Structure formats: structure tokens, C-alpha cells
Amino acid sequence: MFNPYNPNLYKFYYENNIMIKINGAGPAGLSTAIELSKISKDYDVTVYEKEKGVGTRFNGSFQFMFIPGSNVDGRVFLRSIIPQKILKKMFLVPIHAITVSTQHRTEKFHSLRPIWWAVKRGPMKDSLDYALYRTAKSNEVNIKFNSTSLDAIVNATGGRVPSGIAREFVFDTDIEDVFHIILDKRFAPGGYAYLCVINQKATLCVAVTKNMSKIIEFSNAALEIFKKIYNMKMNNVHAQTNYVSFDILQNYIRQDQFLTGEAGGLQDGLFGFGLWYAITSGQLAAQSILYDVDYNTSVTAWFEQLLKTGKTNRFIYEIGETLLGNRFYDMILKYAKNKPIRRLLKELTSPTPLKTWVYDFIG
Ligand SMILES: Cc1cc2nc3c(=O)[nH]c(=O)nc-3n(C[C@H](O)[C@H](O)[C@H](O)COP(=O)(O)OP(=O)(O)OC[C@H]3O[C@@H](n4cnc5c(N)ncnc54)[C@H](O)[C@@H]3O)c2cc1C
């Protein structure tokens, strides 16, 4: 009988010659499988994906590899899971400049070192999803599409509860590269809107945590604003809406399954950075299967303080917006003006005793 609390899972699988089953071929599920197969070839690892291929949740939109509370470069981190020869074929572009606007201010931030790295999400051959898929295949992981397992021990099936909603437009355009974020409660309440253009490919995203049912209206309004600012042409437009889940759970083992990535609510509560959480929690689940490490203990040790920080930041963001409206965003931007952006982001996403205390108070 499988028992995820058993400290000797590896021995159990090895002696019983049992296949390790993972549900979900997103970053969390594939990273679990890659880590398992990298460490030991002693048993079969199979990933079950309900869709017909990897990356179907997204349609080529850009996401940004950033590690909350850390200075570690996103590319260096990806290199720890994806071999160089596969990484080279992946879309991976450093972002060195960001423009941030609020209703009354605009500031530009630059950094010599990448602020974060743009990756592509979707089924295409240069996406992060495809790079992880190729890495898993090259490590002899079995991947079954159009299927789900009833006795998987890792649940990496993505978000469960909608904490926010995001609508993205992916299109071709004629303007120069840009990364522009707008904080404005009129069309991104409790969230943000951004336009990222790289080599004439664009992602325009609006993420909100309030009035979620109005996401179409909000995203159309943001689109009009960006069109006005950049006077851009848009061709081959694809729009997609996705829920975003972030949460802090008491127990990351549910119904005898390890919850990894967004299935465990593992995502930054302010910005929605979830890639690092998904990949790292996958690696932690693999280590719990292979070694005598309790999954709940390692998830808590790695993420608890960061997750609390994300939730506290979100609380302050939403309270500030409710009390002061767009003036709150003006104040944030005034504070951030001329400060080194990488240091600012690290400080914002790093735990402090005060943030933990606030979380314990509000949580
Ligand atoms: C619009 C948007 C923008 C984002 N931008 C960023 C960003 O810039 N940076 C960042 O770090 N994060 C970002 N995120 C978050 C990031 O996408 C997630 O944290 C990450 O995808 C979580 O990976 P996952 O493997 O846990 O889940 P997913 O990527 O959702 O993968 C889950 C997989 O499981 C499959 N599945 C579902 N149910 C079953 C089942 N029953 N059986 C088998 N398979 C199943 C799904 O089809 C899917 O392939 C963004 C999210 C959204 C929605």
C-alpha cells in the first residue's frame, strides 16, 4: 500500500518494481519526472497529461523567469534542470529595461544584469514547456497524452482555486522591443497590465484579483491604452483567459498525492511568479520519493516564508488601492524612482520578520 509519509519510498518502489505516476505535464510534473530520472534509472517514471500535448494552457505568450527573494539569475536556475543543448534551442531572452506607469507618473528602470528572463509558454518547439518535455524524454521518462492516472502519486495538474484571473493577447506587431507595466485600478484592480514586445512578437496581459467577471472589459480597455501609447499594428491576434491560483496550504500531501506547483497553490501572491515554485516543488517531490525527506517539511522550509511574504505584499497592495486608489500606485512609483530595480524586486519579495508578523496577524 502506498503511503506518502513513508520515509523509505524509494525502497518501496524499487523492491516492488512499481511505476511512478505523475499527473500533469506542466513545469511541475515534468520537473518531478526529470529529477527522478536524473537521480536514478531504477524504475519507470510516467507522466500522464490530459491534453494532446504539452503547453496547451498557453498560446505562445511570454512569461518571466524570476526567483522571488533571490539574486539568482533565472537562466542559471533553468540550467539546473534543462541541459545546455536543449536550453540553446529555447526562446530565452534577458529583459534589461522596464517602464512602469501609473495614472500620473511614468518611470523607466534599467539594469545591466537581466531583471528577469522572458520564456515562451505553449506547445511550440521553442517554448519552456517543449524544452522540459524534451529533457524528460531524453531522460527516458514515459509521457502519455490524452490520459490521466487514477493512482498517480504526484498531482501536478495546475491551479485548483481561482485567486485571480489573467487575459492575454498574443500578436505580431511593428513596434520596437518594450516592456511596459501599468498599475491602474480602472482596468487592473488588484493587479497589473503589461505589454512585452520582443522581436515584433507581443504579449499583452491584464491580471486582476478583483471584479474578475469583468476581465474582458478590463483587458479591452488596457489594449486601447497600449494602442494609444504605441500606435502599434496588431496581426495574428490570439486571446486567452486563465485562472491564477496561489494559496498557503496546511498539508501538501492530499489524498496520498504530493501537490506540486500551482496544484499546491505554490505561486507568488503579489506578481504571480510561479515557474520557479513549480520546478522547485517538482524537484522536492522527487527528492522525497528518493530519499528519507518528508515532503511537507521540505516544502515548508523552502517556501513558507516566501509565500507569506507574497500574501502580505498582496494584502498591502489591495488595502493601499482600496484606501488611496490610484494615488497609492503613484506613491509606490515615486518611492521606486531612481532605485536599482533588481535590488528593489529582491527586497520586495524577500521575507522580513515584519512581513511574517503581518501575515500571522491577517492570515
Ligand atoms: C497569464 C499568466 C501569466 C503568468 N506569468 C508568469 C510569469 O511571468 N512568471 C512566472 O513565474 N509564472 C507566471 N505564471 C504562473 C505559471 O504559469 C504557473 O505557475 C505554472 O504554469 C505552474 O506550473 P504547473 O506545472 O504547476 O501547472 P500548469 O502549467 O497549469 O500545468 C498543469 C498541467 O496538468 C495538466 N492536467 C490538468 N489536469 C490533469 C489531469 N487530471 N490529469 C492529467 N493532466 C492534467 C494540464 O493540462 C497542464 O498541462 C503565469 C500564469 C498565468 C495564467
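Q: Which residue ranges make up domain 1 and domain 2 here?
A: Keep in mind that we're looking at a predicted model. A domain need not be one unbroken stretch of chain, and the domain assignment shows that here: domain 1 takes in 9-89, 125-161 and 246-306, while domain 2 covers 164-244.

Q: How far apart are the C-alpha centres of the two domains, and how many residues of each are in contact?
A: The C-alpha centres of domain 1 and domain 2 lie 28 Å apart. At the contact, ten residues of domain 1 meet twelve of domain 2. On the domain 1 side, that set splits into three nonpolar, six polar and one charged.

Q: Let's move to sheets. In what order do the strands of the seven-stranded sheet come?
A: The general idea is that strands of a sheet pair through backbone hydrogen bonds, either parallel or antiparallel. In this case, walk across the open sheet and you read S6-S5-S11-S12-S13-S10-S14, with mixed pairing. The edges are S6 (106-110) and S14 (235-244), each of them paired on one side only. Ignoring direction, neighbouring strands in this sheet are turned by 15° against each other on average.

Q: How many bridges join S10 to S13, and do the strands run parallel or antiparallel?
A: Strand S10 (residues 164-172) and strand S13 (residues 201-208) run antiparallel and are joined by eight bridges. To find the register in your viewer, start from Phe-169: its bridge partner in S13 is Leu-204.

Q: What is the strand order in the six-stranded sheet?
A: This open sheet goes S8-S2-S1-S9-S16-S15, and its pairing is mixed. Strand S8 (142-144) and strand S15 (253-254) are the edges; each has a single partner strand, so one side of each has no neighbour in the sheet. For a parallel pair, look at S1 (residues 20-23) and S2 (residues 45-48), which are joined by four bridges. Ile-20 has Val-45 as its bridge partner in S2.

Q: Now helix packing. At what angle do H7 and H8 pack, and how far apart are their axes?
A: Two numbers to read for a helix pair are the angle and the axis distance. Helix H7 (residues 275-290) and helix H8 (residues 295-324) pack at about 150°, with axes 9 Å apart. Angles over 145 degrees count as roughly antiparallel, so H7 and H8 are roughly antiparallel to each other. Their crossing is right-handed. Among the contact residues are Tyr-277 and Leu-284 of H7, along with Trp-302 and Phe-303 of H8. By class, this contact has seven nonpolar, five polar and no charged residues.

Q: How do the axes of H2 and H7 cross?
A: The axes of helix H2 (residues 27-39) and H7 come within 7 Å and cross at roughly 40°. That makes H2 oblique to H7. The crossing of H2 with H7 is right-handed. The contact includes Leu-36 and Ile-39 of H2, and Ile-279 and Ala-286 of H7. Its class count is eleven nonpolar, six polar and one charged.

Q: And at what angle do H8 and H11 pack?
A: H8 and helix H11 (residues 353-362) pack at about 75°, with their axes 8 Å apart. Angles of 65 to 115 degrees count as roughly perpendicular, which means H8 is roughly perpendicular to H11. Phe-315 and Lys-308 of H8 are among the residues making this contact, as are Tyr-359 and Lys-355 of H11. The contact of H8 with H11 has four nonpolar, four polar and three charged residues.

Terms used
Residues are numbered from 1 along each chain as its sequence is written. This is a predicted model: local features need pLDDT of at least 70, side-chain atom pairs count only at pLDDT 80 or more; totals for chains, interfaces and linings use all residues. Two strands pair if DSSP finds at least two bridges between them. Axes are lines fitted to C-alpha atoms, for helices over the stretch in contact, and angles run from 0 to 180 degrees between N-to-C directions. Domain bounds come from an automatic or database domain assignment. Two residues are in contact if their C-beta atoms, placed from the backbone, lie within 7 Å. Ala, Val, Leu, Ile, Met, Phe, Trp, Tyr, Cys and Pro count as nonpolar, Asp, Glu, Lys and Arg as charged, and the others, Gly among them, as polar. Angles under 35 degrees count as roughly parallel, over 145 as roughly antiparallel, 65 to 115 as roughly perpendicular and the rest as oblique. A crossing is left-handed if the near helix is turned anticlockwise from the far one by less than a right angle, and right-handed if clockwise.
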